[in-house]
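Here is the note you asked for, set out as numbered points. Please read it with the structure open beside the text.

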Amino acid sequence: MDNKVLRLRETFNIRKSKHGEVLYQVQERKMRVRDTMKVEDRSGKEIANIKKRMVGVVRDNYVIKVRGDRDWQVYGSILDHNYTVKE
């Protein structure tokens, strides 16, 4: 995974290997009320959209909207880096 830091968004590329082809691109949108990330495949089509639902002191909650699938709920502890994903 590598990343590019831009002004209003941060972009991460998920690669097949260290110097291999880009499989997915994750764009984190900055300067918004809620954290938002967009996941695109290598052709630029959006395959998922991740939004932070609630702001917690120790716990985070996210909704992941996956193209052609039901929404996923993600919640967990930011201190333990332990998350649960439910469809």
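1. To begin with one of the charged pairs in this predicted model, E40 is buried, and K38 is buried as well. Their side chains come together in a salt bridge, with a distance of 3.2 Å from N to O. Under the geometric rule used here, the count of salt bridges comes to five.

2. A further salt bridge joins K52 and D60, whose closest N and O atoms are 3.2 Å apart. Here too, both K52 and D60 are buried. D60 also appears among the residues in contact with V74 once sequence neighbours within four places are set aside, and it appears in the corresponding list for Y83.

3. The salt bridge between the side chains of R70 and E87 has an N to O distance of 3.8 Å. This pair links distant parts of the chain, since R70 belongs to the loop between β6 and β7, whereas E87 belongs to the segment after β8, and the two are 17 residues apart. Is R70 buried or exposed? R70 counts as exposed because its relative accessibility is 56%, and exposed means over 50%. E87 is likewise exposed, because its relative accessible area is 56%.

4. As for the overall architecture, the chain has zero helices and eight strands, and read along the sequence it follows the pattern β-β-β-β-β-β-β-β. Of its 87 residues, 28% count as buried. The chain exposes about 6,700 Å², of which carbon and sulfur atoms supply 51%. Among contacts in the chain with a separation of 6 or more, residues 24 or more positions apart account for 0%.

5. Nonpolar side chains tend to be buried together in soluble globular proteins. In this model the largest nonpolar core has nine residues in all, namely F12, V26, V39, I47, A48, I50, Y62, I64 and V74. The elements that give two or more residues to this core are β5, which spans residues 46-54, and β6, which spans residues 59-66. Of the contributing elements, β5 gives the most, with three residues.

6. Which residues does V74, a member of this core, touch beyond its neighbours within four places in sequence? V74 is in contact with D60, N61, Y62, I64, Y83, T84 and V85. Two of these partners, Y62 and I64, are themselves listed in the core.

7. On the surface, I78, L79 and Y83 form a nonpolar patch, and together they have about 270 Å² of accessible area. I78 is found in the loop between β7, residues 72-77, and β8, residues 82-86, while Y83 lies in strand β8. I78 counts as partly exposed because its relative accessible area is 30%, which falls between the limits of 20% for buried and 50% for exposed. Y83 is also partly exposed, because its relative accessibility is 34%.

8. Y83 deserves a separate look. Leaving aside neighbours within four places in sequence, Y83 is in contact with D60, Y62, V74, Y75, G76, S77 and I78, and this list includes both I78, which shares the surface patch with Y83, and the core residues Y62 and V74. The C-alpha atoms of Y83 and D60 are separated by 8.7 Å, although these residues are 23 residues apart along the chain.

9. The loop between β7 and β8 also holds H81. H81 has a positive phi of about 55° although it is not a glycine. H81 counts as exposed because its relative accessibility is 66%.

10. Two polar residues in strands complete the note. Q27 is found in strand β3, which covers residues 22-29, and Q27 counts as buried because its relative accessibility is 6%, under the 20% limit. The side chain of Q27 makes a polar contact with the side chain of Q25 at 3.4 Å. R53, by contrast, lies in strand β5 and counts as partly exposed, because its relative accessibility is 43%. From C-alpha to C-alpha, R53 and I64 are 10.0 Å apart in space, and they are 11 residues apart in sequence.

Conventions:
Residues are numbered from 1 along each chain as its sequence is written. This is a predicted model: local features need pLDDT of at least 70, side-chain atom pairs count only at pLDDT 80 or more; totals for chains, interfaces and linings use all residues. Side-chain values use heavy atoms; hydrogens and water are left out. Patches are made of residues with over 30% relative accessible area and no salt bridge: like charges are joined within 9 Å, nonpolar side chains (Val, Leu, Ile, Met, Phe, Trp, Tyr) within 5 Å. Accessible areas come from the Shrake-Rupley method with a 1.4 Å probe; for residues, only the protein chains shown count as cover. A salt bridge is a side-chain nitrogen of Lys or Arg within 4 Å of a carboxyl oxygen of Asp or Glu. Helices (H or I, at least four residues) and strands (E, at least two) are DSSP runs, numbered from the N terminus. Buried means under 20% relative accessible area, exposed over 50%, partly exposed in between (1.4 Å probe, protein chains only). Contact means heavy atoms within 4.5 Å. A nonpolar core is a set of buried Ala, Val, Leu, Ile, Met, Phe, Trp, Tyr and Cys residues joined through side-chain atoms within 4.5 Å. A polar contact is a pair of N or O atoms within 3.5 Å; within protein, one must be able to donate a hydrogen and the other to accept it, and residues adjacent in sequence count only if both atoms are side-chain atoms.
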